[in-house]
Amino acid sequence: MNVQTLEHPAVTTEPSTVWWKGAVLYQVYPRSFADSNNDGVGDLPGITAHLDHIASLGVDGVWLSPFFTSPMKDFGYDVSDYTDVDPIFGRLEDFDALVARAHELGLKIIIDQVYSHSSDEHPWFRESRQNRINPKADWYVWADAKPDGSPPSNWQSVFGGPAWTWDARRHQYYMHNFLKEQPQLNVANPDVQEALLDAMRFWLDRGVDGFRLDAINFAIHDPKLTDNPPLTSNGKRTRPFDFQDKVHNQSQPGIPVFLSRLRALADSYDGDRFLVAEVGGDRANEEMKQYTHGDHLLHSAYGFLYLYADHLSPELVEKGPAMWPGVDGEGWPSWTFSNHDAPRAISRWAEGRDEKAFAEMAMLLLVSLRGNVFVYQGEELGLPQAHVPFERLVDPEAIANWPETLGRDGARTPIPWKADAVQAGFSTVEPWLPVDPRHYPLAVDAQDADPTSILNLSRELIGLRRRYPALKTGGMRMLEAAGSLLAFERGEGDEALLCVFNLGHSPEAWTAPEGWRLVEAVNLPDPAATSLPPLAGLLLARSA
């Protein structure tokens, strides 16, 4: 066998008794999952009606992207009421019904919480902007102009332009790391923290099993408003934001203190409530480790290692376990190949190869990684990135930066439920984003009836985590392999699994080592062959 053990220690992990460790979670983007009232937008009753589909995958839980009251400038990530459902998605009673049905099916429910900013239509901000002496005057980040009238610092927003907007009521600037309609909460303020804890408590009391914390490394800023230095990088720069080293408007030392308060609240409820952070940016690796270190902060974190990578290679995959070597006190990683913010993995990585074969290999690889797994809606169907014409774009980032960045709309189009139905069964009217014609043949009903479909294979592959404890919580040891082969072991001793993938475009010489038997394979027509074809993936267990 042409693989060798790399010179770094294996990661060992004790079997877990908490439900979330090694879990597979299915991400639902509510606007695009299922439209129950035919207004063109998905809703909570639509999700509830299709929970059986999610449960059939064998996943452990569901992560719901925002469904809270919002003017939808950033499609729910601009929250105007943290403790209510936006009418476009339904009512609180609909959410309660969703949670109840999910729990009947054995599914946990994780919901987004957006604590770094709110909508400018939130009552907190409306009060804060009235004057400088009201009770919520310091609930957001306000600052005086410089003597020449320019913004208080050089900080730039993610969506382009300065991270400051002038407000005539207070004769001050307010800060926003994203859209100007998303003012920055002053999370360093103890009163703000209490209000956010109250919001979390509201949903815990309604039975949610955990939270995904959006953009949490933006939550606290440098109170001195120090200018950011230039970023010395040769990476692609499409926004002013990309030119700065964001050391002062994010990633501040007060963030872990706030996270410890969130963890303490979660731990005060039974049922092992789960907290996972989304952490992006130039220091994501160190921040993910910092926010999950020990037993008093978050349980897990995920970044964008795989989400924005334009090429899948052994070297890319190996970066994940290298980031999380399993040292004492280290948190638990989470991984995803696609989500609502990134182009779908198939379209980024297939590189002209058969998309179905690639989807099969990618799903096997994803469930083989050490850590939690997030499967984005439609990934189980092998959906490619949808084409959305410019005139149908709604993503503010895409519109502002067209055509340099195509934005997020192509990953957010409706899920196809019925191959022969109007709007693929998502709705009876034109939906908020168009259904891509390529998605109709990949609809759930068509794939459900096809035993060779990626949907049915996804059910089998996700089920591997239940069949083999090594995949769920076992250690991970990278192996050195030739060419485009990726190889690693999961688990130890008799429970170990050998995972091998050909990520390249050409066959690679390979034979199974003695003492191992094949237990799962994709895109491997002849298990006895002495080479692996492109996009082949296989798992082997030790022979009895």
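Is Arg 201 buried, exposed or partly exposed? In this predicted model, Arg 201 has a relative accessibility of 31% and therefore counts as partly exposed, since that class lies between the limit of under 20% for buried residues and that of over 50% for exposed ones. The side chain of Arg 201 takes part in a salt bridge with Asp 198, in which the closest N and O atoms are 2.7 Å apart. Both residues belong to helix α5, which spans residues 190-205, and because they are 3 residues apart in that helix, about one helical turn separates them. Asp 198 is likewise placed in the partly exposed class, its relative accessible area being 44%.

The pair in helix α5 belongs to a structure that holds 31 salt bridges. Another of these contacts is formed by the side chains of Glu 330 and Lys 289, with an N to O distance of 3.6 Å. Glu 330 is located in the loop between α8 (314-323) and β13 (332-336), whereas Lys 289 is found in helix α7 (residues 284-291), so that the salt bridge ties together parts that are 41 residues apart in sequence. The two partners fall into separate accessibility classes, as Glu 330 is buried, with a relative accessible area of 16%, while Lys 289 is partly exposed at 27%.

A further salt bridge is made by Arg 412 and Asp 341, whose closest N and O atoms are 3.1 Å apart. This pair links distant parts of the chain, 71 residues apart, with Arg 412 in the loop between α11 (396-401) and α12 (444-448) and Asp 341 in the loop between β13 and α9 (345-349). Arg 412 counts as buried at a relative accessibility of 1%, and Asp 341 also counts as buried, at 12%. Through salt bridges that share partners, Asp 341 and Arg 412 are joined with Asp 74, Asp 395 and Arg 408 into one network.

With regard to the strands, a closed barrel of 8 strands runs in the order β2-β3-β6-β10-β11-β12-β13-β14, with parallel pairing. Neighbouring strands of this sheet are turned against each other by 25 degrees on average, direction ignored. Within the barrel, β13 is joined by 3 bridges to strand β14 (residues 372-376), the two running parallel, and Trp 335 has Val 373 in β14 as its bridge partner. Helix α3 (residues 92-104) packs on the sheet, where it touches β3 (61-64) and β6 (108-113), and the direction of the helix makes about 140 degrees with that of β6.

An open sheet of 3 strands, by contrast, shows antiparallel pairing in the order β7-β9-β8. Strands β7 (142-143) and β8 (164-167) stand at its edges and have a single partner strand each, so one side of each is left without a neighbour in the sheet. Strand β7 is joined by 2 bridges to β9 (residues 172-175), with the two strands running antiparallel, and Trp 142 stands opposite Tyr 174 in β9.

Finally, Leu 518 is situated in strand β19, which comprises residues 516-522, and is partly exposed, with a relative accessible area of 36%. When neighbours within four places in sequence are left aside, Leu 518 is in contact with Leu 524, Pro 527, Leu 538, Leu 539 and Leu 540. Of these residues, Leu 538 is 20 residues away from Leu 518 in sequence, with a C-alpha to C-alpha distance of 7.3 Å in space.

Note on methods:
Residues numbered from 1 in each chain as written. Predicted model: local features only at pLDDT ≥ 70, side-chain atom pairs only at ≥ 80, totals over all residues. Heavy atoms only, no water. Pairing = 2+ DSSP bridges. Helix = DSSP H or I, 4+ residues; strand = E, 2+ residues; numbered from the N terminus. Salt bridge = Lys/Arg side-chain N within 4 Å of Asp/Glu carboxyl O. Buried < 20%, exposed > 50% of the residue type's maximum accessible area, 1.4 Å probe, protein only. Contact = heavy atoms within 4.5 Å. Axes fitted to C-alpha atoms, helices over the stretch in contact; angles between N-to-C directions.
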